[in-house]
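I opened this notebook to keep a record of what I looked up in one protein model. The entries run from the overall fold to single residues.

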Amino acid sequence: MRSRTLIITAAILLSAVICILILSSGNSDLNRAEASTVQQKMYTSIEIQDGDTLWSLAETYGQKYKDYSVFIDEVCSINKLSGDRITAGACLLIPVYR
């Protein structure tokens, strides 16, 4: 009776280990896939051209943002802009994702 209990316990433990190994190998593939799609936020400097507006810059550079106004607010904050006016020839630091 004791050896039968020992065999059943060993079988249950072995099954549990196999399940854990199978599940963890599937998760590592998922983690690799997620890691390959993660993008890093970086910053670059651009020179403002004639006709540029914060909105046009958002359309060009802010496509990763769910709302262009969030991009514009961040650009204003980074560059310490008090309003929405930008001047051709000036440089702005803007966020980009790579």
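The entries below follow the order in which I looked things up.

**Entry 1: overall layout.** I note at the outset that the model is predicted. I looked up the secondary structure and found 3 helices and 2 strands. Along the sequence I read the order as α-β-α-α-β. I then looked up burial for the chain: of the 98 residues, 17% are buried. For the accessible surface I recorded about 7,600 Å², with 58% of that area belonging to carbon and sulfur atoms. I also looked up the sequence range of the contacts. Of those between residues at least 6 apart in sequence, 66% join residues at least 24 apart.

**Entry 2: the nonpolar core.** Which residues have the most contacts inside the largest nonpolar core? I recorded L54, F71, I72, V75, I86, L92 and I94, in a core of 14 residues. I then looked up where the core residues come from. At least two are supplied by each of helix 2 (54-61), helix 3 (68-78) and strand 2 (91-97). Helix 3 gives the largest share, with 4 residues.

**Entry 3: F71.** I took F71 from the core list for a closer look. Its relative accessibility is 1%, so I entered F71 as buried. Setting aside residues up to four places away in sequence, I found F71 touching L57, A58, Y61, G62, Y65, I94 and P95. Two of these partners, Y65 and P95, have entries of their own below.

**Entry 4: aromatic pairs.** I looked up ring pairs and found 3 in the structure. In one of them, the ring centres of Y65 and F71 lie 5.4 Å apart with the planes at 75°, so I classed the pair as edge-to-face. Y65 also pairs with Y97: the centres are 6.0 Å apart and the planes stand at 70°, so this pair is edge-to-face as well. Y65 belongs to the loop between helix 2 and helix 3 while Y97 belongs to strand 2, so this pair ties together parts 32 residues apart in sequence. I noted that Y65, F71 and Y97 make up one aromatic cluster. Is Y65 buried or exposed? I entered Y65 as buried, at 12% relative accessibility. Y97 is partly exposed, with a relative accessible area of 31%.

**Entry 5: P95.** I located P95 in strand 2. Its relative accessibility is 0%, and I therefore listed P95 as buried. Beyond residues up to four places away in sequence, P95 touches K41, M42, Y43, Y61, Y65, F71, E74, V75 and I78. I also looked up one C-alpha separation: P95 and Y61 are 34 residues apart along the chain, and their C-alpha atoms are 7.8 Å apart.

**Entry 6: E74.** I looked up E74 as one of the contacts of P95. E74 sits in helix 3. Why does E74 count as buried? E74 counts as buried because its relative accessibility is 17%, and the cut-off for buried is under 20%. I found a polar contact of 3.5 Å between the side chains of E74 and Y43. Leaving out neighbours within four places in sequence, the contacts of E74 are K41, Y43, Y65 and P95.

**Entry 7: D67.** I placed D67 in the loop between helix 2 and helix 3. Its relative accessible area is 34%, and I entered D67 as partly exposed. Which side chain does D67 join through a polar contact of 3.1 Å? I recorded S69 as the partner.

**Entry 8: K80.** I looked up the backbone at K80 and found a positive phi of about 55°, although K80 is not a glycine. K80 lies in the loop between helix 3 and strand 2. At a relative accessible area of 73%, K80 is exposed.

**Entry 9: cysteines.** I looked up disulfides and the count was 0. I then recorded the accessibility of two cysteines. C76 is buried, at 14% relative accessible area, whereas C91 is exposed, at 52%.

Technical notes: Residues are numbered from 1 along each chain as its sequence is written. This is a predicted model: local features need pLDDT of at least 70, side-chain atom pairs count only at pLDDT 80 or more; totals for chains, interfaces and linings use all residues. Side-chain values use heavy atoms; hydrogens and water are left out. A nonpolar core is a set of buried Ala, Val, Leu, Ile, Met, Phe, Trp, Tyr and Cys residues joined through side-chain atoms within 4.5 Å. Buried means under 20% relative accessible area, exposed over 50%, partly exposed in between (1.4 Å probe, protein chains only). Contact means heavy atoms within 4.5 Å. A polar contact is a pair of N or O atoms within 3.5 Å; within protein, one must be able to donate a hydrogen and the other to accept it, and residues adjacent in sequence count only if both atoms are side-chain atoms. Rings of Phe, Tyr and Trp (its six-membered ring) pair if their centres lie within 6.5 Å; planes under 30 degrees apart count as stacked, over 60 as edge-to-face and the rest as tilted. Accessible areas come from the Shrake-Rupley method with a 1.4 Å probe; for residues, only the protein chains shown count as cover. A disulfide is a pair of cysteine sulfur atoms within 2.5 Å.
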